[in-house]
Amino acid sequence: MKRVLESLNLNIVEMIDENATLDGGDVLFTGREFFVGLSRRTNQRGAEILADTFKDYAVSTVPVHDVLHLKSFCSMAGPNLIAIGSSEAAQKALKTMQQMSDHRYDKLTVPDDAAANCIYLNIPSKGHVLLHRAPEEYPESAKVFEKLKDHMLIPIANTELDKVDGSLTCCSVLINKTSEL
């Protein structure tokens with residue numbers, strides 16, 4: 001992966017502190033700030049290194065319990081829009097994020113925590129694009145996403161990756177760079 005990112009001439013920062021852990025599934029970038037889930041895969045030292053790396057952005061930590069990581073129940077579903085699951089753990093994390101932030105985000109609450117893990121893209125030729133879990137997997141959550149009339153919705157089946165705790169964001173590396181391929 002590192003070689004591919006280097007070939008794109010991206011700035012790569014490596015964590016060399018052996019005591020630091022930081023899982024991408026625990027890092028939620030809103031476009032304004034970072035929320036970092038403190039989970040089994042991410043610790044305080046990892047969050048500190050992220051904050052040191054991105055000094056222009058606020059970095060707030062959110063305790064995460066009973067799930068793999070922060071994005072197990074939330075992600076960005078659009079500019080200023082957080083998709084959040086409806087479980088007690090998800091709602092508690094959202095409350096923590098709201099208390100730590102100077103910004104007020106809109107929220108899109110879906111019945112199924114796993115369905116809140118979606119991928120938002122702003123594509124110049126397409127506009128707001130949202131990849132979300134397929135209706136056959138989470139029919140009630142899919143109905144909530146369908147209310148986003150200004151988004152191009154792309155349902156994605158994720159059943160097989162679920163078996164190994166994989167979510168949509170786990171399978172994605174989003175790079176804001178024009179392609180020269």
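**Strands, pocket and cysteines of a predicted model**

Two strands are said to pair if DSSP finds at least two bridges between them. Strands of a sheet pair through backbone hydrogen bonds, either parallel or antiparallel. The structure described here is a predicted model. This report considers its sheets, its largest pocket and its cysteines in turn.

**The sheet β7-β8-β9**

Three strands form an open sheet in the order β7-β8-β9, and their pairing is mixed. At the edges lie β7 and β9 (151-156), each of which pairs on one side only. From one strand to the next, the twist averages 20°.

The mixed pairing can be followed strand by strand. Strands β7 and β8 run antiparallel and are joined by five bridges. Within this pair, Ile123 stands opposite Gly127 in β8. The connection between β7 and β8 is a hairpin of three residues. On the other hand, β8 (residues 127-133) and β9 run parallel, with six bridges between them. Here Arg133 has Ile156 of β9 as its bridge partner.

**The sheet β4-β5-β6**

Another open sheet of three strands has the order β4-β5-β6, again with mixed pairing. Its edge strands, β4 and β6 (106-110), each pair on one side only. In this sheet the twist averages 35° from one strand to the next. Strand β5 (residues 81-85) runs parallel to β6, and five bridges join the two. One of the residues involved is Gly85, whose bridge partner in β6 is Val110.

**The largest pocket**

The largest pocket of the model has a volume of about 2,200 Å³. It is lined by 46 residues, and those closest to its centre are Phe29, Phe34, Val173, Leu174 and Ile175. Four elements give two or more residues to this lining: β1 (27-29), α2 (44-53), β4 (74-78) and β7 (119-123). Which element gives the most to the lining? The answer is β7, which gives five residues. Strand β7 is therefore part of the pocket lining as well as an edge strand of its sheet, if one applies the definition of strands as DSSP runs. By class, the lining of the largest pocket comprises 27 nonpolar, 15 polar and four charged residues.

**The cysteines**

A disulfide is a covalent bond between the sulfur atoms of two cysteines. How many disulfides does a search of the whole structure find? The search finds zero. For Cys74, the nearest cysteine sulfur is that of Cys118, 9.5 Å away. Likewise, Cys118 is in no disulfide, and the nearest cysteine sulfur to it is that of Cys74, at 9.5 Å. A disulfide requires sulfur atoms within 2.5 Å, so the distance of 9.5 Å between the sulfur atoms of Cys74 and Cys118 does not qualify.

The table gives the relative accessibility of three cysteines.

| Residue | Relative accessibility | Class |
|---|---|---|
| Cys74 | 0% | buried |
| Cys118 | 2% | buried |
| Cys171 | 49% | partly exposed |

The classes follow from the cut-offs, because buried means under 20% and exposed means over 50%, with partly exposed in between. Cys74, at 0%, is therefore buried, and Cys118, at 2%, is buried too. Cys171, at 49%, counts as partly exposed.

Where is Cys171 placed? Cys171 belongs to the segment after α5 (159-162). Cys171 and Leu161 are 10 residues apart in sequence, and their C-alpha atoms are 9.0 Å apart in space.

Definitions and conventions
Residues are numbered from 1 along each chain as its sequence is written. This is a predicted model: local features need pLDDT of at least 70, side-chain atom pairs count only at pLDDT 80 or more; totals for chains, interfaces and linings use all residues. Side-chain values use heavy atoms; hydrogens and water are left out. On a 1 Å grid over the protein atoms alone, a cavity is a set of points where a 1.4 Å probe fits but cannot get out, and a pocket is an open set with protein on both sides within 12 Å along at least five of seven lines; lining residues have an atom within 4 Å of a point. Grid points are joined across faces, edges and corners, and a volume is the space filled by probe spheres set on the points. Ala, Val, Leu, Ile, Met, Phe, Trp, Tyr, Cys and Pro count as nonpolar, Asp, Glu, Lys and Arg as charged, and the others, Gly among them, as polar. Axes are lines fitted to C-alpha atoms, for helices over the stretch in contact, and angles run from 0 to 180 degrees between N-to-C directions. Buried means under 20% relative accessible area, exposed over 50%, partly exposed in between (1.4 Å probe, protein chains only).
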